Every structure is written in structure tokens, then in C-alpha cells.
Amino acid sequence: MAALAVDIACPLRSFELALALEVGGETVALVGPSGAGKTTVLRAVAGLVRPRAGRISLGGEALFDAARRIDLPPERRRVGLVFQDYALFPHMSVEQNVAFGGRERVAELLERFRVAHLASARPEALSGGERQRVALARALARDPAVLLLDEPMAALDAHTRGAVRAELQELLRELGLPTILVTHDFEDAAALADRVGVIADGKILQLATPDELVAAPSDAYVASFTGANLLHGFARPTREGLTEVVLDGGAVVFSTDRAEGRVGVVVYPWEVSIAHAAAADSALNHVSAPIASIVTLGNRVRVRVGPLVGEVTAASAERLDLERGRLVVASFKATGARLVPLRDPSGPPETVREGAESPAPG
Amino acid sequence: MRRAAFHAVTGLAVLVALGFLVLPVLAIFLRVSPGELIERVDDRVVLDALEVTAKTNGIAFALTLLVGTPAAYLIAARRFPGRALVVTLCELPLVLPPAVAGIGLLAAFGRLGLLGGTLDALGVRLGFTQAAVVLAVLFVAGPFYLRQAIAAFEAVDPAMLAAARTLGAGPARTFARVALPLASAGLGAGAALSLARGIGEFGATVMFAGSLQSVTQTLSLAIYAQFDVDFTRALALGALLVLFSAAVLLTMKVVPLWRRSPSTSPVLFAPSSSR
């Protein structure tokens, strides 16, 4: 399996994309807000955008090398790109679309992606999930050595997302190709990728396994992308060896992490418990407020209490008779409150920021 | 009450406009019987004009498609400094009075024109030949196609072209298999407009190519030459052009509807079955 190595600089509208990344037989997800430069990475690898400097290589072969003036056109790179809206050719049938990528394995691919019965249908007649499968079949008909997926789930409705995600997960594992996947959804990234790179303003802030990102976000920005609560406050050590954080709203919470000055407090929703009154248990941190919103996600319920979102089981929510406006106490342990440096562009430069960027290669 | 009055006024305006637009066309067919019209078509002057028109416009139309299509594709695909100027220059002949087009062509290609000496040295004489008719039609009618073709290619989703490239198609195959079929509706409309305008060409042709029967006298020129000699013959020529224009208009309206139906496939560019 030839590994993909990317080390490029590419000017974008308001900043420069500067990124180094090595992808073996694995899936790397790039997550970040729109406009962060994620899609540009894919387009550069595919040969649709020419970087200002750097190199892109696949195994020993250079696809792009600014110094050696190498820039293979897209049709000479063995790269399969699945576009955000799939970009199926509307004037061709499903079969013709797949055959456009390569004619050898059309029937096999149509069969494998369960679209053989749609072979003569036009793309406009397909559902979102079917379009995605056709787009994947077409990209694979090229027999690519690298697979690039641009927001593969964005065009799907919430109903089909879960099933499609599971299918895609299995496919990527089976292919074992170097794959770069771009998404703005951390859950998609965590489900599909071996490693996740959080990208902002053209730079990778942290590149790690999904578990590592959740467990040890390098900064508040990364934490906020993993779906965690992020509270802003001012930290100072206590005599008991804990850290006390005075939140911007006035409340005080405790953490076992050490920090001083402005920090972000990261709390994951599943570490927040909800009760009618503060219980005499080991949790040190309590936020008392009326329930602002309740959202049911399958067998889980997300409850917003003041600045915090907590997740409880649907059964617990029913037992506690949770409803909007009801005054409750949200609690979490000091060990579940992680302190991270804040990435505040308006604030003073912080020494911790250097550490925040160190996990990014290059 | 006031609402009724308003409806009456707008309704009347429609009737006046329609009546005024339709009457001259209708008059061509009502003035003489259809039998007589058909009889008049079988006539040396008319047949010569028909032949000159078909030949010159056929060549001009083919050249327009052949040069205009790739030129429009390039202009639509690229972003370069001065692009707006290039597009505007392509459109200029559209708004130019035909007499200006005629005098311009004379000044450029005429015997005493800019390139006249060069052409003369090469043994090429354009003035008052069929080649001059072709040039006049190209200059006046070509931009109708070029402008529409640029718009049609610009409307093709760039992701389609990018997808074709990442799937292994080079620029030529991407053009033929993806860009051309996706732009075909717009290209067809532009081609029809350009053809209709070319066949009706009068001003630039009469100035640059003259009106010599069986050489440069097209149908439009023949109407002008005949209307005080033999009015019925002029009417017959007019009837021919009305029928042609109606056919072009009908094609433009019907073809897009027919193309949209899912059962039709763009046969011209469909791959020859995958196995």
C-alpha cells in the first residue's frame, strides 16, 4: 500500500493553507469550519488546485513537486474524489456514470454498491443514499490508489445518515486505501476515521485518534469541535491542590487539571448528571438553573441547563420528569472538568498556544 | 369599477400589439393564393436566390459552429485579465447597425481596405463574391451563437468538469463527453438564432457583396430587388422566409421539451455500451 504524503502551502482568500500530512492505509478525517481549507487539501491532492509550494507524493511517485516543477494533471493521478454533491453526470445513466471512470469492473461495482437495478436510471431519479453509492462506485471504477471524500454525508437527510455511515465505515475498512475525508461533523469523523485532524485557518491544530482528541484536546477550539461543553473562566490554584475556575457567568467550578489565568473548561455531556437537588455524592461541581431545552436522540436525551449540556438516558429523563423550564441541578466531577488553553484571537498571546500546535506534523 | 377599466385597457393593449405584429406576416399569405405562391417559387430568380442563400449560409453556419464552439468554451472556462473586454468585443457586432458592419467589412477586406493589398497579392478578390456574403453573415450572425455558447458553457457546473478529469478524462474527452452534452440546449438555441439572423442578413451583405443574381443575391436581397419589378414574386420570396423563420422558432421551443424527457439520450455522445 503506497502511502500518501502531503506537504503543501496554498494561498486561500484570507490566509494560507499550510499543512503536512502522511496517510498510510488508513482514513484521516479533516474536520473544521467551512472555509478552513479542508476541501482545498482534497483538490490539491486530486490535481484540481496547484499549491504555491511543497510536494505531494504517492509511494515513491511525485504527483506534485514545486521545486522539481512536477504537476501531474488530474487524469494522470490515481486519485478517486467523491464530490460533496456527488457531481454525477446528469446526462448519463448510472451505468454510464460508473463506466466513465473505467469499464473493466462496471457490473461488479454496480452489484457491490447495490445499484445494479438502477443501471439505466438517470441520477435525478435517485435518492441521496443511492447517489452517494453511485459516486463511490464511479470513483472506484478508476481503480484509485487514494480515495478522497468531500463531505460525504452532507447531502443526506438525517434519516439515512446513520445507515450510510455504517456502510461507509465498512467499505473504508475493506478497501484499506489511503483515504482523506473532509467533514464538519465530528461524529462522522470519529465513526469513519482512524485519525482526525482539526483544521482551522489553514492549519492542523491537532491530529490524533478520535479518542485522544476527546480525552486530551490540545486547546479549546479542538474541544469545541468534539462536541464538548466549553465554559470560559479564570483559573487559580486552591490550597487543596485543585484548580478553582471562576466562570464568566460568576459560578465557580473545580478541576483536577492545573492551570492559571484565562482557560476553557471542557466537560463532556456524558459526564454531566442531572438531578432535582444537589446530591451528597463525589461531584464537586453543581450548576443550578431551569432546563433551557430538551432534545431526544434515540435512547438518549440532551438537556441544556444554563451553560451546560448534559446527556442522560431516556429512561432517566422520564423517571425525573424532566421538562423545559423545570429547575434542576447539573453536576460533574472535578476529574471530568478538563482545562484547556483558549484560542482567543483578540486576547493576549499565550504561552500554551505553542504546545497546542505541536501535535501537528511539520 | 376601476379594476374593470384597468383590465379593459390592458386587454386592448394586447389586442393592438398582437394585431400589429401578426398582420404584415398574415398579409403575405392573404395577398396572393397559396397556389400562386408555390408557382412563383419555381422561377429562376427565386431558385437562384434560394441556392445562394443555402450555400453561403451553410458555409457561414458551419464555420460559426466550428470556430465559435471551442472559442466560447475557452472564454467561459478561463478567468483572465481583460476577459470582460473580450466578451464585450464578441457582442459588439450584435448592436452594430448593419450599414456600419457593411462599411467596416469594406474598410477591412475591400479592395482598398486594410487587408485589401495583402489579399490582392495572394490573388484573393472578395468584393462582390459569394465569399463576401459568407463574411458578412459570419460577422453579423456569428456573435449570436458565440454569446449564447459562452453563456451555455458558463452554466455547466465546474464540479462536473473537475469530476471528469479526476475520473481519468483528459481535457478533450471532458469537453466532448461532459461539457458539450451539458451545454447542448444552450448551444442549440444559439445556433438557431444565429442561423435565422444569417439567413435574414441584408444591410452588410448588400454593401459588401452587392446583389448579383445567382452570385450574391440571397433571398432577402432578392425581395428588395423584386418588390417594384414583380410584387407577387417578392411575396413568394417573403413567404419562403416566413416559413423558414417559423420552423426555426418552433425548433427552439420544441427541442428543449423533447430533450428533457428521460427516455431520450444524447445519442451522439453516449458511450458505446460498456460491454
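Modeller: pLDDT is the predictor's confidence in each residue, from 0 to 100. This is a predicted model.

Biologist: What pLDDT does chain A average?

Modeller: In chain A, 94% of the residues score at least 70. The mean pLDDT over chain A is 86.

Biologist: In which element of chain A is confidence lowest?

Modeller: Strand β8 (residues 146-150) of chain A has the highest confidence in that chain, at 96. Over residues 345-362 of chain A the pLDDT is below 50, although this stretch has 24 contacts in the model beyond near neighbours in sequence. Where pLDDT is low, the predicted coordinates should not be read in detail. The lowest confidence in chain A, a mean of 33, falls in helix α10 (residues 352-357).

Biologist: How many helices and strands does chain B have?

Modeller: From the N terminus on, the elements of chain B run α-α-α-α-α-α-α-α-α-α-α-α. The totals for chain B are 12 helices and 0 strands.

Biologist: And how many helices and strands does chain A have?

Modeller: Along its principal axes the C-alpha trace of chain A spans about 70 × 50 × 35 Å. Buried residues make up 44% of its 362 residues. The secondary structure of chain A comes to 10 helices and 21 strands.

Biologist: How far apart are the C-alpha centres of domain 1 and domain 2 of chain A?

Modeller: The domain assignment gives chain A domain 1 (4-215) and domain 2 (229-344). Their C-alpha centres are separated by 37 Å.

Biologist: Which strands are the edges of the open sheet β2-β1-β4-β5-β6 in chain A?

Modeller: Five strands form this sheet, and the pairing is antiparallel. Strand β5 (residues 61-65) of chain A pairs with β6(A) over 2 bridges. In that pair, A:Phe64 stands opposite A:Asp71. An edge strand here pairs on one side only, which fits β2 (16-23) and β6 (70-71) of chain A.

Biologist: Why is strand β19 of chain A largely enclosed by the rest of the structure?

Modeller: A residue is buried if 20 or more other C-beta atoms lie within 10 Å of its own. Strand β19 (residues 308-313) of chain A is largely enclosed because the buried residues in it number 5 of the 6.

Biologist: Which residue in the hairpin of β18(A) and β19(A) takes a positive phi?

Modeller: Strands β18 (residues 300-305) and β19 of chain A run antiparallel, joined by 6 bridges. Across the pair, A:Val303 stands opposite A:Gly310. The hairpin has 2 residues between the strands, and the positive phi, near 55°, belongs to A:Gly306.

Biologist: Is A:Asp211 buried or exposed?

Modeller: A:Asp211 lies in helix α7 (residues 210-215) of chain A. A residue with 12 or fewer other C-beta atoms within 10 Å counts as exposed. A:Asp211 has 10 such atoms, so A:Asp211 is exposed.

Biologist: Which element gives the most to the side of chain A that touches chain B?

Modeller: The contact takes 22 residues from chain A and 18 residues from chain B. On the chain A side, β7 (79-82) and α2 (94-101) each supply at least two residues. By class, that side has 11 nonpolar, 4 polar and 7 charged residues. With 5 residues, the element that gives the most is α2(A).

Biologist: Which helix gives the most to the largest nonpolar core?

Modeller: This core has 164 residues, and among those with the most contacts inside it are A:Val45 and B:Leu135. From chain A, domain 1 (4-215) and domain 2 (229-344) each provide at least three residues of the core. The most, 17 residues, comes from helix α7 (residues 130-154) of chain B.

Biologist: Which residues does B:Ala136 touch, not counting residues up to four places away in sequence?

Modeller: B:Ala136 is one of the residues with the most contacts inside the largest nonpolar core. Its partners are B:Leu105, B:Glu201, B:Ala204, B:Thr205, B:Phe208 and B:Ala209.

Biologist: Which residues of α11(B) are buried?

Modeller: In chain B, buried residues make up 34% of the 275 residues. Helix α11 (residues 219-226) of chain B is mostly covered, with 6 of its 8 residues buried. Those are B:Leu219, B:Ser220, B:Leu221, B:Ala222, B:Ala225 and B:Gln226.

Notes. Residues numbered from 1 in each chain as written. Chains lettered and ligands numbered in written order. Predicted model: local features only at pLDDT ≥ 70, side-chain atom pairs only at ≥ 80, totals over all residues. Contact = placed C-beta atoms within 7 Å. Helix = DSSP H or I, 4+ residues; strand = E, 2+ residues; numbered from the N terminus. Nonpolar A, V, L, I, M, F, W, Y, C, P; charged D, E, K, R; others polar. Core = buried A, V, L, I, M, F, W, Y, C linked by C-beta atoms within 7 Å. Domains from an automatic or database assignment. Pairing = 2+ DSSP bridges.
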